[in-house]
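Me: I am new to this structure. Could you show it to me and then explain how its labels are justified?

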Amino acid sequence: MTAFVLVPGAGGMAWYWHRAVPLIRAAGHEPIAVDLPGDDQHAGLAAYADIVIHAIVERSDVILVAQSLAGFTVPLVCARAPVRMVVFVNAMIPKPGETAGAWWGATGAIEAREQAAARRGYATEFDAGTYFLHDVPQDVLRTGPERPREEAETVFGEPCRFERWPDIPIHVLAGTDDRFFPIEFQRRVARERLGKEVEEIPGGHLVALSNAEGLTERLLRYETGLTR
């Protein structure tokens with residue numbers, strides 16, 4: 001049985017994965033949705049990595065799935081835990097020593113977002129409804145918290161201290177409808193930083209909420225390839 005360790009992005013709410021968890025469990029695997037103290041100004045990347053590693057404990061058959069900001073936690077976990085595969089989901093992909101705050105300018109993320117918005121005819125100024133929730137069903141949103149957990153600034157200033165990516169399978173999964181990290185932007189960053197092509201899936205930035213079935217199907221396919 002494979003453990004899918006599911007790490008959320010900004011805010012750190014395990015609820016983000018709540019639609020994928022029962023689907024992974026129904027397929028005979030163990031889903032572990034990690035909750036991170038995103039609003040704690042005293043917690044940064046090192047603290048996040050400690051929490052994820054504690055969730056893994058002594059498991060040895062682990063697929064680490066990282067959404068958005070969680071991409072910065074991944075290499076720290078891989079350096080200390082027996083991870084067999086990494087799956088980035090609309091994720092920030094760091095370079096060694098980079099901060100999440102510097103990542104935006106280094107990759108041109110904001111410019112890419114605004115250019116995509118101008119081409120496709122929606123607002124260039126960020127708001128959660130336009131960029132995060134545009135494809136999430138209302139009935140799903142009604143089951144969530146009244147107010148999403150805000151991400152403290154601390155994590156954006158802590159360098160991602162790792163030397164290199166581990167020699168394990170790494171997949172870069174990108175939502176074709178992601179407005180926050182547009183698909184063409186994700187393609188470029190994956191090539192530049194990992195030398196990999198993205199694997200596309202229908203859905204926006206919060207794809208685990210908008211297309212949990214499609215995301216889970218892809219994760220299970222990766223697991224099958226790993227165990228062959």
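Reply: What follows is a set of questions about labels, each answered from its definition. This is a predicted model, in which local features need pLDDT of at least 70 and side-chain atom pairs count only at pLDDT 80 or more, while totals for chains, interfaces and linings use all residues. Residues are numbered from 1 along each chain as its sequence is written, and side-chain values use heavy atoms, with hydrogens and water left out.

Me: Why is Ser 210 called buried?

Reply: Buried means under 20% relative accessible area, exposed over 50%, and partly exposed in between (1.4 Å probe, protein chains only). Ser 210 has 17% relative accessibility, so it counts as buried. Ser 210 is found in helix H9, residues 207-210. Helices (H or I, at least four residues) and strands (E, at least two) are DSSP runs, numbered from the N terminus.

Me: What makes the link between the side chains of Ser 210 and Asp 135 a polar contact?

Reply: A polar contact is a pair of N or O atoms within 3.5 Å; within protein, one must be able to donate a hydrogen and the other to accept it, and residues adjacent in sequence count only if both atoms are side-chain atoms. The side chains of Ser 210 and Asp 135 are joined at 3.1 Å.

Me: What is notable about phi in Asn 90?

Reply: Most residues other than glycine have a negative phi. Asn 90 is not a glycine, yet its phi is positive, about 45°. Asn 90 lies in the loop between strand E4 (83-89) and helix H4 (100-107). With a relative accessible area of 0%, Asn 90 is buried. Val 57 also has a positive phi, near 45°, and is found in the loop between helix H2 (45-56) and strand E3 (62-67).

Me: How do you know that both faces of E5 are covered?

Reply: In a regular strand the side chains alternate between the two faces of the sheet. On one side of E5, Ile 170, Val 172 and Ala 174 are buried, and on the other His 171, Leu 173 and Gly 175 are buried.

Me: Which strands does E5 join through bridges?

Reply: Two strands pair if DSSP finds at least two bridges between them. E4 and E5 run parallel and are joined by 4 bridges, with Val 86 opposite Ile 170. E5 and strand E6 (residues 199-201) run parallel and are joined by 3 bridges, with Leu 173 opposite Glu 199.
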